[in-house]
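Here is a friendly walk through a protein chain, meant to be read with the sequence and the 3D view open side by side. We will start with one residue and then widen the view.

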Amino acid sequence: MSELPKVYDPTATEERWYRHWEGRGYFHADEHRDGPRFSLVIPPPNVTGMLTMGHVLNNTLQDILVRFHRMEGENTLWMPGTDHAGIGTQNVVEKQLAKEGTNRHALGRERFVERVWAWKEQYGGVILRQLKRLGCSCDWERERFTMDPGLSAAVREAFVHLYDKGLIYRGLRIIHWCVRCRTALSDEEAVTTEGGEPGSLWHIRYPAADGGPGVVVATTRPETMLGDTAVAVHPDDERYRALVGKSVILPLMNRPIPVVADEHVDREFGTGAVKVTPAHDANDFEVAARHHLPSVTIMNLDGTISEAGGPYAGLDRFAARQRIVADLEQQGLLIKAQPYQVPVRRCHRCDTVIEPMLSTQWFVKMAPLAVPAIAAVKTGRLRLFPERWTGVYLHWMENIRDWCISRQLWWGHRIPVWYCHDCKDETVARTDPTVCRHCGSARITQDPDVLDTWFSSWLWPFSTMGWPDDTPTLRRFYPTDTLVTAADIIFFWVARMVMAGYEFMGECPFTDVCFNSIVRDSQGRKMSKSLGNSPDPLKVIDTYGADALRFTIASLAPIGQDVRFSEDKTEFGRNFANKIWNATRFALMNLGDGLVEPWGKIPPDPPLSKGGDPSGGGVGLPDRWILSRLETVIEETRANVAAYRLNDAATILYRFIWGELCDWYVELIKPVLYGGDEAAKAAARRTLVTALDAVMRLLHPFMPFLTEEIWQSLPMTRPADSIMIAPYPHATGAWRDTAAEAVVQQLIETVTAIRNIRSELGIPPTMALPIRVAADGNGARLRELEGYIKSLARVSGVELLGERERPSGEPSAVVSGIGEVFVPLRGVVDATAVRKRLEQDLGKVEKELKGIEAKLARPDFVAKAPEDIVDKERQRAMALRERRTVLERHLQQLGAEA
Ligand SMILES: [Zn+2]
Ligand SMILES: [Zn+2]
C-alpha cells in the first residue's frame with residue numbers, strides 16, 4: 001500500500017520533478033524525429049527582466065499548450081530566449097556607471113559595450129531561471145539571445161536584403177526624439193496619452209511687417225515659435241486673404257516671415273492661422289516642402305534651446321516655454337491662454353515627453369511588406385484570438401507608415417553601412433568591408449547608430465532556428481503553430497513578425513496568435529512598480545506553490561480579457577491542490593496492497609455492458625456514472641484547449657474533480673470499499689484508479705508538479721516514465737451511460753435537498769432522520785437509491801407515501817424526477833423550538849435585507865461606490881431573498897401542523 005505524506009509540500013516536490021524532467025531531456029525537441037509536430041516561440045523577455053505577473057500569465061498559458069501537445073505525442077518545441085532590449089539594458093548599465101561617478105562617454109563606446117556584455121553575463125537572463133520555477137518546459141538546450149552571433153548574422157542578412165531591394169533608405173524626416181534617452185524612436189515607441197494631457201493653447205499675435213495688426217496664431221508649444229519660418233492660412237479663408245504673400249514679424253526673434261496659403265490648414269482650429277515650424281513638427285515639415293520654406297532647428301538633442309533660439313539659447317525647453325510666454329505677455333502680444341487637452345507623446349521606455357525633431361535616420365519602407373501580411377489575415381491563413389484584434393491589425397497594416405530603425409545608442413546591432421570620405425557614397429555589406437565598394441578608398445567609417453531592438457525581434461521565429469542558414473530545425477519547426485503574447489505589442493512585434501516571415505521565409509511565422517489579458521490588481525488598476533500593487537510571483541510561488549499560482553491565473557484569465565489578481569486569490573489554486581491531495585490519500589489507503597490497474601485504456605477495455613453485470617464484475621452505479629462523466633469531461637477539456645479557452649478547461653476540471661470525483665464519487669463508494677463484496681470492491685478500486693489516472697493527465701498541463709507526484713504514487717502500471725510524456729486522455733464514447741448519469745443526478749439532488757433541510761432546521765449531523773417521499777410512480781427508482789440516500793444524508797428509513805398522500809406539518813423539498821421529500825419532525829425534534837428558531841432567523845434575514853435594499857435604493861451609493869462593492873451587495877440581497885423564501889416555506893409547513 002502506497003501512502004502520501006499528510007500535507008502536500010509543493011516546494012520540495014516541484015524542484016525534484018523539474019530536475020527529473022530536465023535531466024531526462026523531456027523538454028528537448030528533436031528535429032530529426034518524424035511525425036506530427038508543434039512549435040512555439042517564447043516572446044523573449046528583456047535580458048534585464050524579472051518575473052512579473054504578466055510573465056506568469058503569458059508563460060503559464062504557453063506551457064499549458066506545450067504540455068498538452070507534447071502529451072498528444074507531437075514533437076514539441078518551445079523556443080526560449082531573451083531580448084537584448086537596446087534602450088532598457090543601456091539604461092541599466094548607465095545607471096550603474098552613474099553610481100560609480102562616471103558615464104558612457106568617459107568610458108568610450110568599445111569599453112561601454114564590453115561593460116554591458118559583462119553585465120549581461122553576470123545578471124542577465126535571471127528571468128529564464130525564474131520561468132523554470134514556474135514549471136515552464138522550454139527547450140533550454142536551444143536558449144537564444146538576440147545578440148548571439150547567429151541572430152546577429154540574421155539581422156545583418158535582413159538589413160542587406162531589404163537595402164538591396166530598395167526597401168531600406170536613409171532620409172531627413174521629422175522623427176520622435178527622446179531627449180532623455182537621446183535617440184530616435186519609432187511611431188510605436190512614442191506613446192500617445194489617450195485624450196491628451198492638460199495644457200494650454202496660447203494665442204499669440206504676429207504683427208504685420210507693414211505695421212498692421214497682422215495675425216493671431218494658436219500653439220500648444222510656444223517655444224517652437226523660435227524656429228518658425230512662415231504663417232500658413234487656408235487659401236479660401238476670407239479673414240486672411242489680404243495678408244497672403246505679405247510678411248509678418250516673428251515676435252521675440254524680430255524676423256520677418258511670409259504668410260503662405262495652404263489647403264491643409266484647418267480653418268476651424270484656433271484662429272485659422274497656424275505657425276509653421278518645419279524642423280519641429282511633421283505637418284509643418286510637409287507645408288515647408290510644398291512652399292520651399294527654410295527650416296530652423298532651435299533645439300539641441302538634450303532638449304535645451306540651441307544657438308538658433310537667440311536669447312533663449314541654453315534654457316531647457318520647458319523653462320524656455322515659461323520665459324517666452326512671460327515675454328510675450330509683457331510685450332502685449334499674448335492674446336489669451338486657454339486650457340486645452342494637448343496631444344502628447346511620451347517615450348515608451350522612460351515616459352519623457354517626446355520632441356518631434358528633424359533628423360536624418362534609416363527607415364524601412366513598410367507598405368510593400370504589408371501586402372502579404374494583410375492577405376494572411378483576410379484569407380484566414382493567420383487567425384487572431386480574440387477575433388476583435390483582426391480589425392485593429394488590419395487598420396494598422398492598411399495605414400502603415402515607414403519604420404524608423406536607427407537608434408542613437410551603443411548597445412545593439414550596429415547599422416551595417418559604411419560611408420566613404422572620398423566619394424561620399426555608402427557601402428552596405430554582409431561582412432565588414434575594408435574599402436569603399438564604389439571607389440575603393442580605404443577611408444570609410446561605419447554608421448555610429450544601432451538598429452531598433454525590434455529589428456532583431458521581428459526575425460525571432462526563424463532567426464532562433466538558424467536562419468539565414470537552411471537548418472534541419474528550420475525545416476522541421478518553421479512555421480510555428482501558435483504565438484501567445486500580450487496585446488500591447490501587436491504592432492511592435494506581432495505584425496512585424498508576420499511581415500518578416502513572408503519577406504524572408506516566404507511563409508507566415510505562425511497559424512494562431514493568442515493575445516493574453518492584462519493582469520490588474522483587485523481594484524482594476526494596472527500593476528506597476530510605483531503603485532506597489534504587484535505581488536512578487538516568486539514569493540507567491542514560495543507561499544502557495546507554482547501549481548497553485550498557475551491554476552489560479554489560468555482559471556481567472558479568459559484569452560484577451562483583463563484579469564484581476566491579488567496574492568490571496570492563489571488560495572483558490574492551493575485549496576484545489578490540497579483537495580486533490582487529500583482525496584488521493586484516501587484512495588491510496590483504500591486500494592489494497594497489490595497493483596490496481598485502470599480499466600485498460602480510457603475508455604476501459606473490455607467495455608461495460610450498460611446496466612448489466614460487466615465482464616469486470618461488480619461495477620456499480622457510481623462507477624458507471626463517474627466513468628460516463630469522465631468521457632464528457634475529457635471531450636470538453638480537449639475542445640476548450642483546442643479553442644484556446646484554457647480558463648474554461650480549468651473550470652471544467654475543477655468542478656469535475658472537486659465536486660463530482662472528490663465530493664460525490666468517493667463518498668458513494670465508501671460503503672463498497674468498507675463492506676462491499678469483493679467483486680464490487682475490486683470494480684470500485686479500478687474505477688477510482690481509472691478516474692485518478694485520467695484526471696491527473698487532464699490536469700497535468702495546468703498543474704504539472706502535483707499531477708506528476710500523484711500519478712507516480714498510483715499503484716498501477718504506468719505507460720511512461722513521466723506523466724508529461726504519457727498520452728493525453730481520449731474519449732471514445734464507449735463509457736457513455738446517460739441512464740447512470742440521470743439516476744445519479746437525481747440522487748445528488750435528493751441528498752442535497754435533505755442535507756439542506758437538516759441544516760436549515762438545525763438538526764445535528766449525528767442524528768439520523770426518517771424521510772417520507774411522495775414518489776408518484778418513481779418508487780422503484782427510489783428503492784434503487786435508498787442505500788445511498790441513507791448513508792449520504794444520515795437517513796434512518798425511507799417511507800413511500802401513497803398516491804396523492806401529502807403529510808402536513810413536515811418541511812419538504814421537491815426533487816425533479818423523484819418527487820417531494822418530507823422530513824417528519826414529530827417525535828424527533830421539538831417542533832416548537834424549531835419554529836421559534838426559524839422565526840428568529842427570518843427576522844434577522846428581513847432586517848438585513850431591508851438595510852441592503854435601502855442602500856441599493858440610494859442613487860448616490862449606486863453611482864459612487866466601486867462596481868464590485870455594488871455587485872456584492874446585490875448578490876447578498878438576492879441570497880437573502882432566497883433564504884427568506886425557504887424559511888417562509890418551512891414555517892408555513894410547520895404551521896399547518898399547529
Ligand atoms: Zn526615453
Ligand atoms: Zn568611395
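Let us begin with Tyr18, which lies in helix H1 (residues 10-23); helices here are DSSP runs of H or I with at least four residues, strands are E runs of at least two, and both are numbered from the N terminus. At 7% relative accessibility, Tyr18 counts as buried; buried means under 20% relative accessible area, exposed means over 50%, and partly exposed is in between, with a 1.4 Å probe and protein chains only. Leaving out residues up to four places away in sequence, Tyr18 touches Phe27, Lys132, Gly135, Cys136, Trp140 and Phe705, where contact means heavy atoms within 4.5 Å. Gly135 is 117 residues from Tyr18 along the chain, yet their C-alpha atoms are separated by 6.9 Å.

A word on the ground rules. This is a predicted model, in which local features need pLDDT of at least 70 and side-chain atom pairs count only at pLDDT 80 or more, while totals for chains, interfaces and linings use all residues. Residues are numbered from 1 along each chain as its sequence is written, chains are lettered from A and ligands numbered from 1 in the order in which they are written, and side-chain values use heavy atoms, with hydrogens and water left out.

**The chain as a whole**

The secondary structure comes to 27 helices and 31 strands. The C-alpha atoms fill a box of roughly 110 × 70 × 55 Å along the principal axes. Of the 898 residues in the chain, 56% are buried. Among contacts between residues at least 6 apart in sequence, 77% join residues at least 24 apart.

**A second buried residue**

His280 sits in the loop between strand S13 (273-276) and helix H8 (282-291). Its relative accessibility is 0%, so His280 counts as buried. Beyond its neighbours within four places in sequence, His280 is in contact with several residues, including Ile174, Arg221, Val296 and Met357.

**Salt bridges**

Side chains of opposite charge can pair when their charged atoms come close. The whole structure holds 55 salt bridges, each a side-chain nitrogen of Lys or Arg within 4 Å of a carboxyl oxygen of Asp or Glu. Three of them are listed here.

| Acidic partner | Basic partner | N to O distance |
|---|---|---|
| Asp262 | Arg290 | 3.0 Å |
| Asp737 | Arg624 | 2.9 Å |
| Asp648 | Arg645 | 3.8 Å |

What does the bridge between Asp262 and Arg290 tie together? Asp262 lies in the loop between strand S12 (255-261) and S13, and Arg290 in helix H8, so the pair ties together parts that are 28 residues apart in sequence. Asp262 is buried at 3%, whereas Arg290 is partly exposed at 38%.

The bridge of Asp737 and Arg624 links the loop between helix H22 (704-713) and helix H23 (738-761) to helix H19 (residues 621-642), so it ties together parts 113 residues apart in sequence. Asp737 is buried at 5%, and Arg624 is buried at 17%.

Asp648, at 31%, is partly exposed, and Arg645 is partly exposed at 39%. Elsewhere, salt bridges that share partners join Arg221, Asp281, Arg317 and Glu355 into one network.
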